[in-house]
Amino acid sequence: MAKSKFILGIASERIAKLFSLAEESSKKNETKLSNKYIKIAKELSRHYKVSIPKKLKIRVCKKCGEFQIPGVNSNVTVASSKSCVIYTCKKCGSQNKIFYKKTTSLQVSRATH
Ligand SMILES: [Zn+2]
């Protein structure tokens with residue numbers, strides 16, 4: 001049976017709320033609680049088949065599943081030669097690479113005008 005858009009909307013809303021709760025609790029150094037929020041959010045997305053938005057997904061370590069705050073428990077490096085941003089987890093040392101498109105100066109000037 002297909003789930004209605006209303007239920008899927010509620011699920012994605014709750015996932016976003018759980019991520020914001022995880023961010024708040026990890027700022028207070030309550031890592032166990034923030035990891036629990038992340039785990040619940042992942043279970044919700046799996047159950048309702050709702051994808052976690054990319055901007056939230058990059059905040060979680062792929063290996064240990066810990067919520068990452070840049071500068072606190074993760075390092076962020078920009079590798080311009082590879083055109084990617086590398087998030088390195090301080091707990092397990094795994095690297096998560098986020099690739100981006102390079103824009104030329106012509107494209108940047110068009111976007112500003
Ligand atoms: Zn990790």
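**Exercise 1. The two domains**

Task: State how many residues of domain 1 are in contact with how many residues of domain 2, and describe the side of domain 1 that takes part.

Solution. In this predicted model, 8 residues of domain 1 are in contact with 4 residues of domain 2. On the side of domain 1 that touches domain 2, α1 and α2 each supply at least two residues. Sorted by class, that side has 2 nonpolar, 4 polar and 2 charged residues. The bounds come from the domain assignment, which gives residues 1–57 as domain 1 and residues 62–113 as domain 2.

**Exercise 2. Overall form**

Task: Determine the order of the elements from the N terminus on, and decide whether the protein is more spread out than a compact globule or not.

Solution. Begin with the count: the protein has 4 helices and 3 strands. From the N terminus on, these elements run α-α-α-β-β-β-α. Next, compare the radius of gyration with the globule rule: the protein has a value of 17 Å, whereas the rule gives 13 Å for 113 residues. The radius of gyration is well over the rule, so the protein is more spread out than a compact globule. The C-alpha trace spans about 50 × 35 × 20 Å along its principal axes.

Two further values complete the description. Of the 113 residues, 18% count as buried. Among the contacts with a separation of 6 or more, 45% are between residues 24 or more positions apart.

**Exercise 3. Helix α1**

Task: Check whether the end-to-end distance of helix α1 agrees with its number of residues, then identify its buried residues and what covers them.

Solution. Helix α1 comprises residues 5–27, which makes 23 residues. At 1.5 Å a residue the helix should span 33 Å, and its end C-alpha atoms are 33 Å apart; the two values therefore agree.

The buried residues of α1 are I15, L18, F19, A22 and S26. Their spacing can be read against a general rule. An α-helix has 3.6 residues a turn, so residues three or four places apart point the same way. The cover over the buried residues of α1 includes α2 (31–48) and α3 (54–57). Just after α1, N29 has a positive phi of about 60°.

**Exercise 4. L44 in helix α2**

Task: Classify L44 as buried, partly exposed or exposed, and name the residues that it touches beyond four places in sequence.

Solution. L44 is placed in helix α2. A residue needs 20 or more C-beta neighbours within 10 Å to be buried, and 12 or fewer to be exposed. L44 has 17 such neighbours inside 10 Å and therefore counts as partly exposed. Once residues up to four places away are set aside, L44 touches A11, R14 and I15. I15 is one of the buried residues of α1. As for S105, it is separated from L44 by 61 residues in sequence and by 42 Å in space, C-alpha to C-alpha.

**Exercise 5. The strands**

Task: Work out how β1, β2 and β3 are joined, and give the bridge partners of C84 in the neighbouring strands.

Solution. Take the pair β1 and β2 to begin with. Strand β1 (residues 74–79) and strand β2 (residues 84–89) run antiparallel and are joined by 6 bridges. They form a hairpin with 4 residues between them, and S83 in the turn has a positive phi of about 50°. N75 has T88 as its bridge partner in β2, while A79 is paired with C84.

Then take β2 and β3. Strand β3 (residues 95–99) runs antiparallel to β2, with 5 bridges between the two. This hairpin has 5 residues between the strands, and G93 takes a positive phi near 85°. V85 stands opposite I98 in β3. The partner of C84 in β3 is F99, and C84 is also the partner of A79.

**Exercise 6. T77 in strand β1**

Task: Decide whether T77 is buried or exposed, and list its contacts beyond four places in sequence.

Solution. T77 is found in strand β1. With 11 C-beta neighbours inside 10 Å, T77 counts as exposed, because the cut-off for that class is 12 or fewer. Apart from neighbours within four places in sequence, T77 is in contact with I86 and T88. T88 is also the bridge partner of N75. F67 lies 10 residues from T77 in sequence and 17 Å from it in space, C-alpha to C-alpha.

How values were computed
Residues numbered from 1 in each chain as written. Predicted model: local features only at pLDDT ≥ 70, side-chain atom pairs only at ≥ 80, totals over all residues. Expected span 1.5 Å × (residues − 1). Contact = placed C-beta atoms within 7 Å. Domains from an automatic or database assignment. Nonpolar A, V, L, I, M, F, W, Y, C, P; charged D, E, K, R; others polar. Rg over C-alpha atoms; globule rule 2.2 N^0.38 Å. Pairing = 2+ DSSP bridges.
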